[in-house]
There are 4 protein chains.
Amino acid sequence: VFSYERPVRLEDVDAAQIVFFPRILGYAHEAVATLMEELDGGYAGLLMKRRIGLPTVHLEVDFTAPLRFGDVARVELTVTRIGERSCAFRAKLTRVHDGAKVATILYVCAITDLETLRAIAIPEDVRRILGAHAVIA
Amino acid sequence: VFSYERPVRLEDVDAAQIVFFPRILGYAHEAVATLMEELDGGYAGLLMKRRIGLPTVHLEVDFTAPLRFGDVARVELTVTRIGERSCAFRAKLTRVHDGAKVATILYVCAITDLETLRAIAIPEDVRRILGAHAVIA
Amino acid sequence: VFSYERPVRLEDVDAAQIVFFPRILGYAHEAVATLMEELDGGYAGLLMKRRIGLPTVHLEVDFTAPLRFGDVARVELTVTRIGERSCAFRAKLTRVHDGAKVATILYVCAITDLETLRAIAIPEDVRRILGAHAVIA
Amino acid sequence: VFSYERPVRLEDVDAAQIVFFPRILGYAHEAVATLMEELDGGYAGLLMKRRIGLPTVHLEVDFTAPLRFGDVARVELTVTRIGERSCAFRAKLTRVHDGAKVATILYVCAITDLETLRAIAIPEDVRRILGAHAVIA
């Protein structure tokens, strides 16, 4: 399990005083991005130099408790599937101070050539990092 | 069907030069928020005066084509379920210039007292607006 | 004067329940971007095809009243200087419902080749649009 | 000098492939927010429990070099004035990898009762933290 923590910032909450739900998906993506920093050249190297990205193609999310300003979110990320050209992550978000379950996210990415926007075979180094965090049923 | 259009802004795209996926969910939410403007007092009145919100509790999304800077997104919103304390929306996003299907979002909200964060019965006026846009199988 | 209006969205306010100040600068930029839509090919054509941008090089801002969820912001934009390679805008933001002055922004942009990130002479078509909105003391 | 570092995230850059300028002000605000964590109860306690905020009332910014995805920004924050009801910060932003000067921000806040939105005398504990980071000419 790859674990990532980040505080809620005052601009992440909305007029309902809870974190705006698309930002919760942003927190999960930060965890994926941080995982990709393990690549030689980092995530920026993958996107900007090699022009390979991981656009999201499918999402399933259950939101079970809100996050508020002052909370810290913990994202626990596992790789649940590594396919030919795509992979799936599960992200479990909790609140650090009381352990409440905030959201469960299933998140499928296509490994994509950013020039053509077509899916490509997962490069070996990306596959290695995914494999290191895989918990495949 | 409630229809809502909005241009992609330059800050909506990310380093991969496509709209960052959580922002696509933000576009769908803008459509819901615009629908709620039909309430007496608007969406702001619901949230700020009556302290009633519609936090998202469940999401299922398929992303099928990217949005880029220069594109205009069209959101077609229908209400697919009106329950006691929750409702479901389907949002179909397309690109205006070529009609390409960008995303299909199933989106479940709980009508919630923002003070206690507990689900409450859907108020009559909210129910009326939801009903006016319902396409229930 | 080029006039642009936009409602405050629920995600624009922060934990203090007022619009987060960098977003106010975003509203002003939306007005500039909308002005640039008058170009043949639009603002997207300028940035993406011609690879010319208008990065901000200097800002002076006075914030005089808050914006809240439910408010509509009006931006009144004038071009106050058109130089060789740069131009200046003044954006006055008000709240539509009561006319309160929200912010005054002086905003200097360098017309920039986005490949080299060097300032370039303002292209004729951009100069024409700037000139049409100029109020130069 | 209070020093704060944060990586540019892929969603911070815009269609021009450089960090969207209002986000640079957001980075500076993150440094101020992090400084305020030194308060008993943190920044969230100040805003949410004591209902005291620091809305920005004046900004002067020079942008001198862009930030790109892959860069890390360093914010060096000093308090340059502590008044009765307001204070001023200077934030110098640099790129970590090459030390290039990205922006210099002068930033004036009013200490504000968030219920009445009126400026109030700076509380003693806030004054103490500001004093600890003051470099007053």
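Residues count as buried when under 20% of their relative accessible area remains. By that cut-off, both Arg6(D) and Glu30(D) are buried in this predicted model.

**Figure 1. A salt bridge between Arg6(D) and Glu30(D).** The closest N and O atoms of Arg6(D) and Glu30(D) are 2.7 Å apart. Arg6(D) belongs to strand 1 of chain D and Glu30(D) to helix 1 (residues 21-36) of chain D, so that distant parts of the chain, 24 residues apart, are linked. Strand 1 (residues 2-7) of chain D has a covered face made of Phe2(D), Tyr4(D) and Arg6(D). Its uncovered face carries Ser3(D), Glu5(D) and Pro7(D).**Figure 2. Antiparallel strands of chain D around strand 5.** Strand 1 of chain D is joined to strand 4 of chain D by 6 bridges, and the two run antiparallel. Within this pairing, Arg6(D) has Ala73(D) of strand 4 as its bridge partner. Strand 4 (residues 72-82) of chain D pairs in turn with strand 5 of chain D, over 9 bridges and in the antiparallel sense. Here Thr78(D) stands opposite Arg90(D), and a hairpin of 3 residues connects the two strands. Strand 5 (residues 86-95) of chain D is mostly covered, with 8 of its 10 residues buried. A further 9 bridges join strand 5 to strand 6 (residues 101-110) of chain D, again in an antiparallel arrangement. Ala91(D) faces Ile105(D) across this pair. The hairpin of strands 5 and 6 of chain D has 5 residues between the strands, and Gly99(D) takes a positive phi near 75 degrees there.

**Figure 3. A salt bridge between Glu30(A) and Arg6(A).** The closest N and O atoms of Glu30(A) and Arg6(A) lie 2.7 Å apart. Because Glu30(A) is in helix 1 (residues 21-36) of chain A and Arg6(A) is in strand 1 (residues 2-7) of chain A, the pair ties together parts that are 24 residues apart in sequence. Glu30(A) and Arg6(A) are buried.

**Figure 4. A salt bridge between two loops of chain C.** Arg51(C) and Glu115(C) form a salt bridge whose closest N and O atoms are 2.8 Å apart. Arg51(C) lies in the loop between helix 2 (42-49) and strand 2 (52-53) of chain C, and Glu115(C) in the loop between strand 7 (112-113) and strand 8 (118-119) of chain C, so the pair ties together parts that are 64 residues apart in sequence. Glu115(C) is exposed, with a relative accessible area of 56%. Over all chains of the structure, a search finds 36 salt bridges.

**Figure 5. The surroundings of Arg68(C) in a loop of chain C.** Arg68(C) is placed in the loop between strand 3 (56-63) and strand 4 (72-82) of chain C. Its relative accessibility is 34%, so Arg68(C) counts as partly exposed. The C-alpha atoms of Arg68(C) and Lys101(C) are separated by 13 Å, while the two residues are 33 residues apart along the chain.

**Figure 6. A patch of negative charge on the surface, with residues from chains A and B.** Glu60(A), Asp62(A), Glu60(B) and Asp62(B) gather in this patch. Strand 3 (56-63) of chain A and strand 3 (56-63) of chain B are the elements that give two or more residues to the negative patch. Glu60(B), found in strand 3 of chain B, counts as partly exposed at 33% relative accessibility.

**Figure 7. An open sheet of 3 strands in chain B.** The strands follow the order 2-7-8, with antiparallel pairing. Strand 2 (52-53) and strand 8 (118-119) of chain B are the edge strands, each of which pairs on one side only. Strand 2 of chain B is joined by 2 bridges to strand 7 (residues 112-113) of chain B. Ile52(B) has Asp113(B) of strand 7 as its bridge partner.

How values were computed. Residues are numbered from 1 along each chain as its sequence is written. Chains are lettered from A and ligands numbered from 1 in the order in which they are written. This is a predicted model: local features need pLDDT of at least 70, side-chain atom pairs count only at pLDDT 80 or more; totals for chains, interfaces and linings use all residues. Side-chain values use heavy atoms; hydrogens and water are left out. Patches are made of residues with over 30% relative accessible area and no salt bridge: like charges are joined within 9 Å, nonpolar side chains (Val, Leu, Ile, Met, Phe, Trp, Tyr) within 5 Å. Accessible areas come from the Shrake-Rupley method with a 1.4 Å probe; for residues, only the protein chains shown count as cover. A salt bridge is a side-chain nitrogen of Lys or Arg within 4 Å of a carboxyl oxygen of Asp or Glu. Lys and Arg count as positive and Asp and Glu as negative; His and the chain ends are not counted. The place of a charge is taken as NZ of Lys, CZ of Arg, CG of Asp or CD of Glu. Helices (H or I, at least four residues) and strands (E, at least two) are DSSP runs, numbered from the N terminus. Buried means under 20% relative accessible area, exposed over 50%, partly exposed in between (1.4 Å probe, protein chains only). Two strands pair if DSSP finds at least two bridges between them.
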